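Work through the exercises below with the structure open beside you. Try each task before reading its solution.

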Amino acid sequence: MQTTLASSISNAQEKLNSILQGVLPPQLQKPWIDSSARLFINQEVYPEIAHTPIIREGTGVCANEQRYQKVRADRVRKDFAQFIGIPAESIDPRDIPVIGIAGSGGGFRAMVSTIGSLRGMHKAGLYQCAMYEAAVSGSSWGIAALHTYAKGNPNVVLDNLRLAMRENMFSLTGLISFVSRNDGVAKQVFADMAARYLLNTAKGRGPPVEDTAGSWSQQQQQQQQIVDDIDTEAESDDDRVNWSIEDLRVLFRQVAEIGAIHTDTQRIKDDAKALVMLAAGELVDAAYKAMQTVAAPPFSIVELYGALLFKQLIVHHEKHDDAETVHLDPHWVKMSAQAECVESGDQPMPIYTAVRHCIHTSAPIDSAARHEYQWFEFSPFEFGSAEHGLWVPSWGLGRPMADGKELFKLGEMHFGSIMGAVSSAFCASIKAMIMEVYLVAPPPLRRAIGQLVNRYDHDTSVSHPIPPYTMFNPFRCDTSRSSDQRRAELQEHKFLSLMDAGMDNNLPFAPLLRPERNVDVILCLDSSANIELMSWFARAEQWAEQHGVTRWPWGARPWKAEPLLMDAGTESSFATNAAKNAALHAEESLLKNNSRCAIFDKPVAP
């Protein structure tokens, strides 16, 4: 069954990729694609391209987040005092509860609902007291808007949505019109998609066509003049410039061969002229040569979906009299740029979530440990997984790396691609898709579906008809000497595939339950479909127990009804059994630990 499914899905995916690469209109083909992809090595937008990211290991939060926690706690002191109605002078920042906002998945419904809730919280003064705002899928779109053009103001987001959502996001006519009327903005929107397309079609091709005839030779002449100038200065002032002409020519050859500078950083840190060597033409040419030997992540529908989301929801629409214009700050394409308002303590820190579906081939097929969803988080500071203890700076995400070294340089992963990856619910497993039908099906059909999935539980759980977003794995390295098998399993792969975290839990409890964040209060904004049926709290309890989280309020439920409980006398389905086991486990934990949890002022344990 698994072999047949895998073969059918693989054939379908190849056809889908072929369609995607052929569906592009003339306005989005060569040389437009080359020009758009070139933005990924624009040092005005990506000054970090001159630096090499360092992989951090450990389960704690990074130093930048630690500083943010202190700054934010001090900034919210006045707002919190105002919210609870006491003088600010009487509050010690250490006594202020750490508040985390958890926005659920649910597509556009969740986005609008989340923004509406945050608008009410903002008006009441509660939003200003939050430390974190984590999001799954649809709610992440609203959070993204808050941390780009809206500057933390939900009212601005709502105003933009009123203009942006008047047109169908998937309209091909609208897309062509957008590109024709806003060429510069469109190139920034589709830069990642264009770069990914070129990466997948680079074999056997030469450097991209230049926009202006002769510009490549002009760059070569300019660089040669720089070499001559530095050589002249070096002869007259060896102490000031320690570069020989041969050093620089070797440097040029290195750039041309491998697309990165592997020289002693101490030799260039005081010499600003060395950065001129990273001219756009050199990097493009070098990247193309490196692409001939470096396998690229597959091009999928998620890239297109993310670009369209970014175009519709992050590009700022403005209306002046009868005319409507669009605006895009180049820094909005970078998640790391969101750190500016976070570091100052002006806004809560956003956390965007995704999961990796890991299949453990060594475990028995009928074992519950055969496959699992592993949580990853994107923040303005870094990307990584607390489960693996591996992190990379956000500005370095998207580059091909191995053993902590770059294979060639690229700009930061486009924020549109992140938006697509974290909300790619259509990449669900076959079982998850069937589950959507199961929830709305009449009882007789439910029983039939339950029997079918019980029979092919594993095969349908690990098969994904639409491939998830796949990127270069920044943590890839030699694992032959690794003693951490869980970490080594991740590090041995060239690529990292991520999808909508709603595959595991439609509420982002995982990042907010990390002990290092010391979250005291989680405000859940749940806009899930079938909200009264889903077992998100039971799943969160299981996750908390597996990861040693002791702060979870065991037994907490927003309502008493058992999730997916069928009519009396009816045999429980696969989903009912899972929810029931989680609920029973929670009750056993309460009794064993003599815990007490009050829900709606009613104790549920002795």
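**Exercise 1. Classify Ile86 as buried, partly exposed or exposed, then describe its surroundings.**

Step 1. The relative accessible area of Ile86 is 37%. Buried needs under 20%, and exposed needs over 50%. Ile86 is therefore partly exposed. Keep in mind that this is a predicted model.

Step 2. Locate the residue. Ile86 sits in the loop between helix H3 (63-84) and strand E2 (99-103).

Step 3. Look at its partners. Ile86 joins Phe83 and Ile84 in a nonpolar patch on the surface. Together the three have about 250 Å² of accessible area.

**Exercise 2. Describe the chain as a whole: its elements, its burial and its contacts.**

Step 1. Start with the elements. The chain has 23 helices and 16 strands.

Step 2. Turn to burial. The chain has 606 residues, and 51% of them count as buried.

Step 3. Consider the surface. Its accessible area is about 27,700 Å², with 53% belonging to carbon and sulfur atoms.

Step 4. Check the contacts. Take those between residues at least 6 apart in sequence: 75% join residues at least 24 apart.

**Exercise 3. Which residues touch the most other members of the largest nonpolar core?**

Step 1. This core holds 103 residues. Phe190, Phe310, Phe378, Phe383 and Met419 touch the most other members.

Step 2. Find the main contributor. Helix H14 (residues 301-313) supplies the largest share of this core, 8 residues.

Step 3. Compare with the other core. A second, separate core has 15 residues, including Met131, Tyr132, Met349 and Phe381.

Step 4. Zoom in on Phe383. Set aside its neighbours within four places in sequence. Its contacts then include Phe376, Phe378, Trp391, Met471 and Phe475. Polar residues are not absent from the list: Glu377 and Ser394 are among the contacts of Phe383.

**Exercise 4. Are the two faces of strand E3 covered or open?**

Step 1. Recall the general pattern. In a regular strand the side chains alternate between the two faces of the sheet.

Step 2. Apply it to E3 (residues 132-135). Tyr132 and Ala134 are on one side, Glu133 and Ala135 on the other. All four are buried, and both faces are covered.

Step 3. Find the pairing partner. E2 and E3 pair in the parallel sense over 4 bridges. Ala102 stands opposite Ala134 in E3.

Step 4. Follow the chain onward. Ser137 is in the loop between E3 and helix H5 (138-146). Its phi is positive, about 50°, although Ser137 is not a glycine.

**Exercise 5. Which residue lies closer to the solvent by relative accessible area: is Ser137 buried or exposed, and is Lys151 buried or exposed?**

Step 1. Ser137 has a relative accessible area of 6%, so it is buried.

Step 2. Lys151 has 55%, so it is exposed. Lys151 lies in the loop between H5 and helix H6 (154-164).

Step 3. Note the backbone of Lys151. Its phi is near 55°, a positive value in a residue other than glycine.

**Exercise 6. Trace the salt bridges that link distant parts of the chain.**

Step 1. Take the total. The count comes to 15 salt bridges.

Step 2. Inspect Arg517 and Glu65. Their side chains meet at 2.7 Å, N to O. Arg517 is in the loop between helix H21 (509-512) and strand E14 (521-525), while Glu65 is in helix H3, 452 residues apart. Both are buried.

Step 3. Widen the view. Glu65, Glu377, Arg514, Glu516 and Arg517 are linked in a network of salt bridges.

Step 4. Inspect Arg486 and Glu387. Their closest N and O atoms are 2.8 Å apart. Arg486 lies in helix H20 and Glu387 in the loop between strand E8 (382-385) and strand E9 (390-393), so the pair ties together parts 99 residues apart in sequence.

Step 5. Classify this pair. Arg486, at 31% relative accessibility, counts as partly exposed. Glu387, at 14%, counts as buried.

**Exercise 7. Where is Cys477, and which residues does it contact?**

Step 1. Cys477 lies in the loop between strand E12 (469-472) and helix H20 (485-491).

Step 2. Leave aside neighbours within four places in sequence. Cys477 contacts Asp403, Gln491 and Glu492.

Step 3. Check one contact. Cys477 and Asp403 are 74 residues apart in sequence, yet 4.2 Å apart in space, C-alpha to C-alpha.

Key:
Residues numbered from 1 in each chain as written. Predicted model: local features only at pLDDT ≥ 70, side-chain atom pairs only at ≥ 80, totals over all residues. Heavy atoms only, no water. Core = buried A, V, L, I, M, F, W, Y, C linked by side-chain atoms within 4.5 Å. Buried < 20%, exposed > 50% of the residue type's maximum accessible area, 1.4 Å probe, protein only. Contact = heavy atoms within 4.5 Å. Patch = residues over 30% accessible without salt bridge, like charges linked within 9 Å, V, L, I, M, F, W, Y side chains within 5 Å. Areas by Shrake-Rupley, 256 points an atom, 1.4 Å probe, with all protein chains shown as cover. Salt bridge = Lys/Arg side-chain N within 4 Å of Asp/Glu carboxyl O. Pairing = 2+ DSSP bridges.
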